[in-house]
Amino acid sequence: TALAAGAGLVFFLLFFSGSTTVSYAAGPPLPAFGRGPVEVRVYTDYFCGPCRAEEAEVMALITELVEKTLIRVIFIDTPIHKETVLYAGYFLSALNAKEGGDLRQAVTLRAALFEAAVEKIADKEGLDLFLKKKGIALRPFDTAPVFKIFGNYLKEDRINATPSCVIVGPQGKQTLVGRDDTLKALRSLRK
């Protein structure tokens, strides 16, 4: 699976290549929430078992930190599995369907997409039907600029496994892999 993961990342980075500097100018809707001084980048793949296993606990902690204005979180879908690019497009389209999308909406969308992955939905028609049954609206748009930003972050942070989390704050940049290290680092941000 490591070889497949590497191949998926290479495909994503080649297909959505760009400069290694992330642009923060006004542009495509990036799945970023909060206004805290610390940036947290969450790298997951909907088809990753460990990502799914940590999701509820990590999202509860992230929600708490965003509500306390301690962090700004960015969700970066990481294409370890071939279906992830499809799922990432749906995540962005669902966020785009509601003006001023919020963190709770993003957490709900992520949960639905993790559920769809468990059900092994791997095609557009199946995912359309699944999300419609969940009452999740979509507003498609050109996701290529967001995917380019995702690719830039993947390169900048040198992500090669999921789940991963990068925390950028006053003490510098910290890269964490796996549930325990991620939770410990996020808890330390509670102050």
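Through how many residues does a hairpin join β4 to β5? The legends below take up this point and others in turn. This is a predicted model, in which local features need pLDDT of at least 70 and side-chain atom pairs count only at pLDDT 80 or more, while totals for chains, interfaces and linings use all residues. Residues are numbered from 1 along each chain as its sequence is written, and side-chain values use heavy atoms, with hydrogens and water left out.

**View 1. The whole protein chain holds 7 helices and 5 strands.** Helices (H or I, at least four residues) and strands (E, at least two) are DSSP runs, numbered from the N terminus. Read from the N terminus on, the elements follow the order α-β-β-α-β-α-α-α-α-β-β-α. Of the 191 residues in the protein chain, 48% are buried, where buried means under 20% relative accessible area, exposed means over 50%, and partly exposed lies in between (1.4 Å probe, protein chains only). If a contact is taken as heavy atoms within 4.5 Å, then among contacts between residues at least 6 apart in sequence, 79% join residues at least 24 apart.

**View 2. Five strands form an open sheet in the order β1-β3-β2-β4-β5, with mixed pairing.** At the edges stand β1 and β5 (172-177), each with a single partner strand, so one side of each is left without a neighbour in the sheet. Two strands are said to pair if DSSP finds at least two bridges between them. Strands of a sheet pair through backbone hydrogen bonds, either parallel or antiparallel. The strands β1 and β3 run antiparallel and are joined by 2 bridges, and Phe33 has Val73 in β3 as its bridge partner.

**View 3. A hairpin joins β4 to β5 through 2 residues.** Strand β4 (residues 164-169) and β5 run antiparallel, with 6 bridges between them, and Gly169 has Gly172 in β5 as its bridge partner. In the loop between α6 (144-157) and β4 one finds Pro163, and the peptide bond that leads from Thr162 to Pro163 is cis, with omega near -5 degrees.

**View 4. Helix α4 lies across β1, β2 and β3, running at about 25 degrees to β3.** For such angles, axes are lines fitted to C-alpha atoms, for helices over the stretch in contact, and the angles run from 0 to 180 degrees between N-to-C directions. The expected span of a helix is 1.5 Å times one less than its number of residues; for the 16 residues of α4 (residues 103-118) this gives 22 Å, and the end C-alpha atoms are 23 Å apart, which agrees. Among the buried residues of α4 are Leu109, Leu113 and Phe114, and the elements that cover its buried residues include β2 (38-44), β3 (71-77) and α3 (84-97).

**View 5. Gln105 in helix α4 and Thr63 in helix α2 are shown with their contacts.** Gln105 counts as buried, because its relative accessibility is 14%. Leaving aside neighbours within four places in sequence, Gln105 is in contact with Ala94, Leu95 and Lys98; Ala94 and Gln105 are 11 residues apart in sequence, and their C-alpha atoms are 9.0 Å apart in space. Thr63 likewise counts as buried, at 13% relative accessibility, and, with neighbours within four places again left aside, Thr63 is in contact with Leu103, Arg104 and Val107.

**View 6. The buried residues of helix α5 are Leu127, Phe130 and Leu131.** Seen down the axis of α5, these residues fall within an arc of 90 degrees, so they line one face of the helix; the arc is that of the directions from the helix axis to the C-beta atoms. What covers them includes α3 and α4, whereas the face turned away from the buried side carries the exposed residues Glu125, Lys132 and Lys133. At the N-terminal end, Asp123 caps α5, with a side-chain oxygen 3.2 Å from the backbone nitrogen of Glu125. After α5 comes Gly135, whose phi is positive, near 75 degrees.

**View 7. Lys120 and Thr69 each have a positive phi.** Most residues other than glycine have a negative phi, and most peptide bonds are trans. Lys120 lies in the loop between α4 and α5, has a phi of about 60 degrees, and counts as exposed at 68% relative accessibility. Thr69 lies in the loop between α2 and β3, has a phi near 55 degrees, and counts as partly exposed at 44% relative accessibility.

Note on methods:
Polar contact = N/O pair within 3.5 Å; in protein donor to acceptor, adjacent residues only side chain to side chain.
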